[in-house]
Amino acid sequence: DNRKVMFSGIKPTGDPTLGNYLGAIKNWVSLQNTYQGIFSIVDLHAITVHQNPEDLKKRSIEIAAIYFAAGIDPKENIVFIQSHVHQHAEAAWLLTCNSYMGELNRMTQFKEKSSKSVKESVPTGIFAYPLLMAADILLYGAEVVPVGKDQVQHVELTRDLANRFNNTYSNVFKIPKPFVNTGSAKIYDLQDPTKKMSKSETSNPNGYILIMDSPDIIRKKISKAVTDSIGIVNYTDEQPGVKNLIDLVCCINGRESSEIVELFKEKGYKEFKEYVAETIINELEPLQNKVKFLLEDKHQIENILKEGARKASEISQKTLDEMKKNIGF
Ligand code: ADP
Ligand code: NA
């Protein structure tokens, strides 16, 4: 198998959203035949913010079920829970000792997440997590990292760290590249279309659609989505709410934004929103049914994840051994 390796993951910080599905999982499915996929449920990243211990494992299993239901084939890819593979935490420390406060300070995600709090109470994990992300990628020699635009800077940091390590010691790491799928827009919050739709950062539940939301909830949330007083379905930055809904639909059915605008030229927001809601429901319902079916046998999911962790451990240990040998251990 000489396909390039691709690494990606989702944090079990909450129930996954339509943003996670359209921005991440759906792309992985379309890339899995081109690249050797390594897909993790990144629970070590989740705990950068306190997680309810009762929910953490349950959520990880649910996210795995969503990966599989969406079409990630566990026979063709390695799927595992990050905390099951201790090499990640160990490699992250070795990279931490080859990094600088300054470069972490420059990460815009850190700046955004820490701007609201006083410095004293910014969790250290929020500051340091790009180093763990670098370990996730570099341990598998992943050259392709499918991420949303929000994560590109972290993959660039990973490249810097890999080059630095290779120059200081020897060529241990492959240099990864962020892969931002042009067909996948960033999905914004339905109540505040200046913020991305996120399970971790959104407090208003009407702002996001969960992958497992029922048709009625989806209809309700879309009908409440913030638009504007212009009243015309246009694809423009002046109408961020409407633009976001158009992006959502185009991401799902692959149509052009101009086609959607044309389709609703003579119509109002009410009809447009009904179309948006039904498009989402049509996409999610079959997926939801598969997820529910898979979750009837959690034991089987756990076994697949255990096997994934075994394979991941084998690969990552080789890289970790190389790192340690080079450092002098
Ligand atoms: P969240 O912010 O929902 O906690 P994660 O940090 O777990 O999301 O991100 C998992 C993946 O989903 C990443 O590749 C990220 O870029 C993608 N993603 C998350 N939210 C969105 C969004 N609103 N639109 C597009 N992609 C997204
Ligand atoms: Na995030």
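Helices and strands are named here from DSSP runs, a helix needing at least four residues and a strand at least two, with numbering from the N terminus. The model in the viewer is a predicted one, and the tour goes through it in three selections.

Begin by selecting residues 12-20, a stretch that an unreviewed UniProt entry annotates as a short sequence motif, the 'HIGH' region. Over these residues the chain is 33% helix and 0% strand, and the C-alpha atoms at the two ends are 11 Å apart.

Next, select strand β1, residues 5-10, and show its side chains. How many of its residues are buried? The strand is mostly covered, with 6 of its 6 residues buried, and the covering extends to both faces, since Val5, Phe7 and Gly9 are buried on one side while Met6, Ser8 and Ile10 are buried on the other. Adding residues 36-41 to the selection brings in strand β2, which runs parallel to β1 and is joined to it by 6 bridges; to follow one of these pairings, pick Ile10, whose bridge partner in β2 is Ile41.

Finally, move to helix α10, residues 240-253, and helix α12, residues 269-295, which pack at an angle of about 35° with their axes 10 Å apart. The crossing of α10 past α12 is left-handed. To display the contact itself, select Leu245, Leu248, Val249, Ile252 and Asn253 on α10, together with Val276, Thr279, Ile280 and Glu283 on α12. Coloured by residue class, the contact between α10 and α12 comprises 6 nonpolar, 2 polar and 1 charged residues.

Technical notes
Residues are numbered from 1 along each chain as its sequence is written. Chains are lettered from A and ligands numbered from 1 in the order in which they are written. This is a predicted model: local features need pLDDT of at least 70, side-chain atom pairs count only at pLDDT 80 or more; totals for chains, interfaces and linings use all residues. UniProt positions are given in the numbering used here, feature names are shortened, and annotations may be inferred rather than shown by experiment. Axes are lines fitted to C-alpha atoms, for helices over the stretch in contact, and angles run from 0 to 180 degrees between N-to-C directions. A crossing is left-handed if the near helix is turned anticlockwise from the far one by less than a right angle, and right-handed if clockwise. Two residues are in contact if their C-beta atoms, placed from the backbone, lie within 7 Å. Ala, Val, Leu, Ile, Met, Phe, Trp, Tyr, Cys and Pro count as nonpolar, Asp, Glu, Lys and Arg as charged, and the others, Gly among them, as polar. A residue is buried if 20 or more other C-beta atoms lie within 10 Å of its own, exposed if 12 or fewer, and partly exposed in between; C-beta atoms are placed from the backbone. Two strands pair if DSSP finds at least two bridges between them.
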